[in-house]
Amino acid sequence: MKDSMTYKSSLAIDTICVKDKKVEQSGQAHILPLHATSSYSYKNIEDSIDVFSGKESGHVYSRFSNPTISEVENKLAKMESHGMDTESCCILTSSGLSAISTFAMTMLNTGDGVLTQPDLYGGTTEIFHKIMAKYGVSMHMIDLTDLDLVEDTLKKHPAIKVIYFETPANPTLGCADIAALAELGKTYGAYSAIDNTFATFYLQKPFQHGVDFVLYSTTKFLNGHGNSIAGAILANDPEHRQALWTTMKLLGTNCNAWDAWLLHNGLKTLSVRMDRHCQNAQTIAQHLTDHPMVAHVNYPGLTAHTSHTIASKQMLQYGGMLSFEVFGGMPSGIHFMNATELCTIAATLGNVDTLLLHPATSSHLNVPKDVRENSGITDGLIRMSVGIENVNDLIDDIDQALSGLS
Ligand SMILES: Cc1ncc(COP(=O)(O)O)c(C=O)c1O
């Protein structure tokens, strides 16, 4: 890196992931410093006035901005719009859910509607149902893979201002057509916003498909080590950044420097981790497909998966998440969860180690059985966040756990 630019656009994503900002003076820290400070001091009142008035850029108070956080935001923005002529901008927040609530509070007004899918992350559904509904924002939940239905709904409800979606979705890994939803949004005057947590920009670049906003729980694959909670909102219009930043600053949904620093550290290995997550998940999905105790496997990398074609169009690889249904319903599901030795039962996902979730007794515990079963969330369904361990060890563990089922 020869010039003072932090990240040249010609660099590949793998390189940008690894590099820290080039030092401006000899003897500076090689790795991004952690600025554990709540506020910033000024040499004199004139400098203070310049920064407060916006005449000079600078940090004032860490709820507004912080040098460690700004550096991570800068890096995420570069990577999200990688390969594009336009640059995106990023706001880091205290969690994935605070990214979503900050976005919703900024972009939606009383009387507006949100068009979304039933299989959203549960916390996101609750934000729209329990918080945004109090401010007069309505929610329309439909199957977003049915584009005729999407168009009909947008026509019937002109108050819809945001199409909000997740692809691949949790836990059945169904994929929606990003470009088609963004296009329909533009036609009917609605912004499109995607939660790209499962894929990350390494596998899927929604801005290239015309989406207006990309949101993350960076807690998952972007951090990758299960030691930081944070979220990000990316926009490709600087005016949106200003509006989002104002909400973040006033609601106090800002990230803290330590979690941002941990995220930055995790990002360095994103490309190698994601390649391995994807390879392992593909191998395990194929292995499970042939297993006599497995009824079916949900993984977009399998040609038989209903979303394989659309996933192949918009993803570089198929990700590290899969789910599968064991024969024998609830007793088999419970048995499998207890019988694995290498995999860990945990509510999160995207860590370097393999994690298991049994949706029927956890994330979907309060969803009526017939409703969840209609969406494919049966008693025997297991969600697996495939880690980067040696895949043969994982397969041995899965096989020994499945061998106890009858
Ligand atoms: C797809 C998705 N989005 C958002 C969230 C919320 O993120 P956080 O836990 O960082 O608030 C989660 C959490 O599991 C998630 O899976």
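## Polar contacts of the ligand

A backbone N or O atom of leucine 97 lies 2.9 Å from an oxygen atom of the ligand, a polar contact in the sense of a pair of N or O atoms within 3.5 Å (within protein, one atom must be able to donate a hydrogen and the other to accept it, and residues adjacent in sequence count only if both atoms are side-chain atoms). For glycine 96, too, a backbone N or O atom is placed 2.9 Å from a ligand oxygen atom, while the side chain of aspartate 195 brings an N or O atom to 2.6 Å from a nitrogen atom of the ligand. Of the 390 Å² of accessible area that the ligand has on its own, the protein covers 91%, as computed by the Shrake-Rupley method with a 1.4 Å probe.

This is a predicted model, in which local features need pLDDT of at least 70 and side-chain atom pairs count only at pLDDT 80 or more, whereas totals for chains, interfaces and linings use all residues. Residues are numbered from 1 along each chain as its sequence is written, and side-chain values use heavy atoms, with hydrogens and water left out.

## Shell around the ligand

The residues surrounding the ligand, each with a heavy atom within 4 Å of it, are Ser95, Gly96, Leu97, Tyr121, Asp195, Thr197, Ser217, Thr219, Lys220, Ala230 and Leu349. By class, this shell has 4 nonpolar, 5 polar and 2 charged residues, with Gly counted among the polar ones and Tyr among the nonpolar ones.

## Overall fold

The chain contains 15 helices and 12 strands, which are DSSP runs numbered from the N terminus (helices H or I, at least four residues; strands E, at least two). Its C-alpha atoms fill a box of roughly 75 × 55 × 35 Å along the principal axes. The radius of gyration is 22 Å, which agrees with the value near 22 Å for a compact globule of 406 residues; the radius is taken over C-alpha atoms, and the globule rule is 2.2 Å times the number of residues to the power 0.38.

## The loop between β4 and α7

Proline 168 lies in the loop between β4 (160–166) and α7 (178–187), and a cis peptide bond joins this proline to threonine 167, with omega about -5°. Proline 171 is found in the loop between β4 and α7, where a cis peptide bond, with omega again about -5°, links asparagine 170 to proline 171. Leucine 173, also located in the loop between β4 and α7, has a positive phi of about 65° although this residue is not a glycine.
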